[in-house]
Amino acid sequence: MPKKNKTLKDILDLILYENPSTQEEIAEKLGITRRYVTQLLQPLVKDGTVKRAYMIDLKSYEEISESFGESFTPKDTTGNTLINDMLENMAKHVKDQLKTSFESFLEYDKEKANYSLEMDYTTNNMVEKVRTTVETVVSLNQHPEFSKSVLYNEVAYDLERIGDYCAHISKFVINDDYIIDEKILKNIKKMYSASKKMINLSMGAFLSNKTHLRDEVMELEDSLHILQSKSVNLIATQMAENSFEEKERSNYFIYLFRVIKAFERIGDICIEIMDVAIEFHDNIPRSTTPRTFR
């Protein structure tokens, strides 16, 4: 394959799998100039193969592959493997976002908190890429059950929601400078650990057909609810000991409660991902009854 074609293939694979935000980022990762990236991408942008925010039209991508007369495809554009890879990368990014936001929380690091909020833009972009790819794959192959293909979008949306709750943690750091009670902080550390494990287990269930992990996920969710209850009681006690005339202190308690609620909601979302995994792999439909009423 000519060097120019190989470089273009590397650029398109990078766009598919690593979600670059700018041409500068593409150039830096591949060790080439931004001008060369622009030169190779410009025709594909004009004909609609590469869309804004660096999304690729897979139909046009297949036509490019044929025109080169060589093996010029992404890692796998057939079946569901490409979407699985996208979701795996998205899950990794969201876990990094959670880790960054929690580190900013522990260290009162406003710069790291702001970086976590910036990471959420990439999370949102990843959702759109998954949605577009699902639509394209379904249009290229009429055989897969449409209902199952839609489940990929649900998982991507769930991961985006986890990213949104990471933002609640980061905003606490940006808005407040109060020292957190050691008992509450101890509970929050345990909640972070549990929610991180739940993301790993639920995504493992969906991506690798490990639905037997459901019981372990449910146990972790129970521990999250217990920790939440303990933390809320501690906050209520502290609020009773402080004057509500101290507006800043009152806001601190509100934002701290949002942090605790964020971890609990991340756990709930992981249960939803697990339910989707069971429906996807075991063909067991999810209950239509809201979880709060079960």
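Here are a few friendly notes on the salt bridges of this predicted model and on one leucine in it.

1. Let's begin with the overall tally. The model holds twelve salt bridges. The points below walk through some of them, one at a time, before turning to L256.

2. A good place to start is the pair K112 and E107. These two residues form a salt bridge, and their closest N and O atoms are 3.3 Å apart. How accessible are the two partners? K112 has a relative accessible area of 23%, so this lysine is partly exposed. E107 is partly exposed as well, with a relative accessible area of 47%.

3. That pair also belongs to a wider group. A network of salt bridges links K99, E103, E107 and K112. If you are viewing the structure, you can pick out these four residues together.

4. Next, have a look at R161 and E272. Their side chains meet in a salt bridge, with 2.8 Å from N to O. R161 lies in helix α7, which covers residues 146-175, while E272 lies in helix α10, which covers residues 247-282, so the salt bridge ties together parts that are 111 residues apart in sequence. R161 counts as buried, because its relative accessibility is 14% and the cut-off for buried is under 20%. E272, at 25% relative accessibility, counts as partly exposed.

5. Helix α10 takes part in another such link, this time through D275. Which residue does D275 pair with? R214 is the partner, and the closest N and O atoms of this salt bridge are 3.8 Å apart. R214 sits in helix α9 (residues 214-240) and D275 in helix α10, so this pair ties together parts that are 61 residues apart in sequence. As for accessibility, R214 is partly exposed, with a relative accessible area of 27%, whereas D275 counts as buried at 11%.

6. Finally, let's stay with helix α10 but leave the charged residues behind. L256 is placed in this helix. Is L256 buried or exposed? With a relative accessible area of 0%, L256 is buried.

7. What does L256 touch, leaving aside residues up to four places away in sequence? The contacts are F105, F172, I180, I184, I188 and I235. It is also worth finding I169: L256 and I169 are 87 residues apart in sequence, and their C-alpha atoms are 8.5 Å apart in space.

How values were computed: Residues are numbered from 1 along each chain as its sequence is written. This is a predicted model: local features need pLDDT of at least 70, side-chain atom pairs count only at pLDDT 80 or more; totals for chains, interfaces and linings use all residues. Side-chain values use heavy atoms; hydrogens and water are left out. Buried means under 20% relative accessible area, exposed over 50%, partly exposed in between (1.4 Å probe, protein chains only). Helices (H or I, at least four residues) and strands (E, at least two) are DSSP runs, numbered from the N terminus. Contact means heavy atoms within 4.5 Å.
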